[in-house]
Amino acid sequence: MNLAEKLISSHLTGGEMRPGEEIGLRVDQALVQDATGTMVMLELEALGLDRVRTEVAAQYVDHNLLQSDERNMADHLFLRSACRRYGIWYSPPGNGVSHPTHMQHFGLPGRTLAGADSHTCAAGSLGMLAIGVGGLEVAMAMAGQPLHVTMPRIWGIRLAGALPGWVSAKDVILELLRRHGVSGGVHKIIEYHGPGLGALSAMDRHVIANMGAELGATTSVFPSDERVLEFLDAQGRAGDYVELAADPAAGYDIGDEIDLSVVEPLIARPGSPGNVVPVGQVAGEPVHQVVVGSSANPGLRDFAVVAEMLRGRQVHPQVSLEINPTSRQVLADLIKTGALTALIESGARIHQTGCLGCIGMGQAPAVGRNSLRTFPRNFPGRSGTHDDSVWLCSPETAAAAALTGAITDPRDLDLALPAVRQPRIASAVTTPLQSPLPIAEARQVALVKADSIGSLPELDPLPDSLALPVLLKVGDDVSTDEILPAGARALPYRSDIAALADFAFGQLDETYPQRARAAGPHTVVGGRNYGQGSSREHAAIVPRYLGLRVVIAKSFARIHWQNLANFGVLALEFADEADYDRIAQGDELRLDGLREAVETGNEVNAGGVILRHRLSARQRAMVLAGGWIPEVRHAADRASGQHQLGVLPARDDAAGLG
């Protein structure tokens with residue numbers, strides 16, 4: 001078997017490992033961040049959970065760190081109280097971005113990780129099977145339930161050679177995006193193998209695995225080898241190392257190869273991570289902002305190389321250079337090595353540790369001015385500026401622009417190749433992590449809910465007939481940032497669905513919330529890869545709250561498709577994509593016999609337009625009931641009259657890769 005198959009088979013709880021079949025996976029670890037976490041904690045409360053049943057569950061406060069009113073801190077207090085109540089590790093504001101921080105403290109080769117963040121797949125860099133999903137799926141995993149996914153095909157990418165100077169891991173994943181676009185990884189696990197692996201550190205692999213999400217992949221997997229051992233040893237956790245690799249004769253469903261020695265500096269143009277070109281092709285474009293950080297370039301090396309390129313030099317006068325350290329550990333090591341001093345002396349602005357600009361929480365760029373960022377995403381408006389111009393690049397390319405004031409191939413600079421030296425043992429910064437309480441003490445904790453903490457909306461069953469106005473028609477690759485934005489304006493309302501509803505589809509049509517409230521039940525029509533990007537389930541909950549009952553698209557991104565089912569929204573695909581052109585915004589579609597079509601078939605006739613769903617039996621039950629939580633309650637009623645998941649049998653933690 002290849003490594004992905006080994007990881008899956010050792011955690012399989014149901015289904016068969018055939019591509020396209022739904023399978024269940026036992027979940028060892030769970031990860032939540034604050035932009036999604038308040039919903040998860042409300043879901044745990046609604047499910048009646050007593051205590052989490054995963055080996056590790058961790059809540060990170062890393063997204064909404066701008067406390068411009070009382071809502072943000074109220075959410076943090078609620079999250080901390082929920083962690084204390086349910087037995088979850090709590091990582092407070094300023095402690096670090098969830099993905100690298102989780103790697104530092106909890107990453108374990110061979111384990112499964114379900115995270116309410118699409119970039120959870122970054123942990124595949126340590127030989128984990130790490131999958132980003134909606135918050136409700138993480139809540140269910142915390143309650144001891146399997147994680148259900150469609151069995152992907154395994155895409156083996158052989159790496160050969162070594163990266164040349166001025167080229168780094170970010171350019172590798174940008175090369176894959178250049179080749180395959182933002183939907184090239186859909187229904188696939190990317191497994192990296194080959195002799196080129198030895199030249200990539202664990203944090204280099206983190207960069208590549210992280211942005212597998214931008215390809216639409218279910219996850220990415222690297223073997224656990226000497227480079228992983230080096231990382232764990234630097235964290236004081238060498239004893240957690242387990243060697244894991246594909247069998248020597250393992251095969252893959254799909255194959256590809258990258259010769260690292262010929263990779264060049266690349267950059268993604270504004271609007272999409274898949275719009276990738278060589279840096280030299282756009283050299284000379286003026287730059288007014290450079291931002292370094294995020295989960296896509298979170299390692300000490302990613303900041304240190306910028307510091308070395310800038311050491312003894314000044315940032316170009318027209319450029320604002322922003323540094324977002326990704327964890328307390330990285331910040332401490334930047335201080336110890338003198339890299340932070342070099343950055344400060346060059347004119348850089350140092351911000352607190354966290355996601356910040358990546359999620360639109362500060363550092364919003366000026367309209368019409370280019371911003372180069374070492375981030376994973378540049379969807380329109382994600383930065384917090386409606387008409388933004390955000391480019392994605394490596395730290396080397398970012399530093400070159402900071403020095404010159406224009407997009408510049410770093411190989412064209414009159415600089416010696418920077419020598420980056422990292423400490424063998426990373427700074428031990430563990431105090432801020434708050435461990436779970438003993439169960440007896442935890443049961444005495446009351447949830448701290450301010451008035452700004454809302455509740456989950458009541459979800460009614462799917463009607464048998466619906467007359468649905470087409471309230472919105474959109475094109476290909478619509479992201480969840482466009483469906484329900486994050487950013488400094490919207491995120492403070494993430495715990496209040498009624499208030500958050502005012503932001504729905506705001507990047508595409510600011511009139512949608514008002515029209516939706518007036519219309520009641522309605523549908524939205526989309527193109528290919530509808531719902532790409534962030535795992536935030538708000539992009540399903542909020543439109544559902546506003547009356548969205550059916551989404552019709554040419555195809556769906558994996559996480560959003562599942563999130564729609566979780567909250568009782570029927571996702572339908574055109575049997576003939578040409579029928580997309582037959583439907584216009586403002587039309588009304590009549591759907592009859594819906595319940596039978598969902599329960600026993602997969603085809604719906606909407607006035608001569610044939611639509612199909614790909615729901616499993618489990619998902620059909622969810623949609624018919626109006627959502628996963630109503631379905632669980634109904635199932636519990638049928639079985640014993642018990643509404644709580646707190647009576648579930650304890651999970652069997654015995655596992656191994658054989």
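**Exercise 1. Contacts of Y512**

Task: In this predicted model, which residues does Y512 touch, not counting residues up to four places away in sequence?

Solution.
- Step 1. Start with the leucines: Y512 touches L471, L472, L546 and L548.
- Step 2. Add the other partners of Y512: A504, F505, H522, V524 and P543.
- Step 3. Place Y512 in its setting. The largest nonpolar core has 110 residues. Y512 is among those with the most contacts inside this core, along with L44, I88, M142 and Y530.
- Step 4. Look beyond that core. Another core, of 38 residues, lies apart from it. Its members include V282, A307, W391 and L415.
- Step 5. Recall the general tendency: in soluble globular proteins, nonpolar side chains tend to be buried together.

**Exercise 2. The setting of helix 9**

Task: Which residues of helix 9 are buried, and what do they pack against?

Solution.
- Step 1. Find the helix: helix 9 spans residues 300–310.
- Step 2. List its buried residues: L300, D302, F303, A304, V305, V306, A307, M309 and L310.
- Step 3. Draw the conclusion. Nine of the eleven residues are buried, so helix 9 is largely enclosed by the rest of the structure.
- Step 4. Name the surroundings. The buried residues pack against helices 7, 10, 11 and 12. They also pack against strands 15 and 16.
- Step 5. Check what comes after. G312 follows helix 9 and has a positive phi, near 75°.

**Exercise 3. Positive phi without glycine**

Task: Where are S294 and N529 placed, and are they buried or exposed?

Solution.
- Step 1. Take S294. Its phi is positive, near 85°, though the residue is not glycine.
- Step 2. Locate S294 in the loop between strand 15 and helix 9. S294 is buried, at a relative accessible area of 1%.
- Step 3. Take N529. Its phi is near 60°, again positive in a residue other than glycine.
- Step 4. Locate N529 in the loop between strand 21 and helix 18. N529 is buried, at a relative accessible area of 4%.

**Exercise 4. A helix pair**

Task: How are helix 21 and helix 22 oriented to each other?

Solution.
- Step 1. Get the geometry. The axes of helix 21 (617–625) and helix 22 (628–639) come within 7 Å and cross at roughly 95°.
- Step 2. Apply the cut-off: 65 to 115 degrees counts as roughly perpendicular. Helix 21 and helix 22 are therefore roughly perpendicular.
- Step 3. Name the contact. R618, A621, M622 and A625 in helix 21 meet W628, P630, E631 and H634 in helix 22.
- Step 4. Sort these residues: five nonpolar, one polar and two charged.

Methods
Residues are numbered from 1 along each chain as its sequence is written. This is a predicted model: local features need pLDDT of at least 70, side-chain atom pairs count only at pLDDT 80 or more; totals for chains, interfaces and linings use all residues. Side-chain values use heavy atoms; hydrogens and water are left out. Axes are lines fitted to C-alpha atoms, for helices over the stretch in contact, and angles run from 0 to 180 degrees between N-to-C directions. Helices (H or I, at least four residues) and strands (E, at least two) are DSSP runs, numbered from the N terminus. Angles under 35 degrees count as roughly parallel, over 145 as roughly antiparallel, 65 to 115 as roughly perpendicular and the rest as oblique. Contact means heavy atoms within 4.5 Å. Ala, Val, Leu, Ile, Met, Phe, Trp, Tyr, Cys and Pro count as nonpolar, Asp, Glu, Lys and Arg as charged, and the others, Gly among them, as polar. A nonpolar core is a set of buried Ala, Val, Leu, Ile, Met, Phe, Trp, Tyr and Cys residues joined through side-chain atoms within 4.5 Å. Buried means under 20% relative accessible area, exposed over 50%, partly exposed in between (1.4 Å probe, protein chains only).
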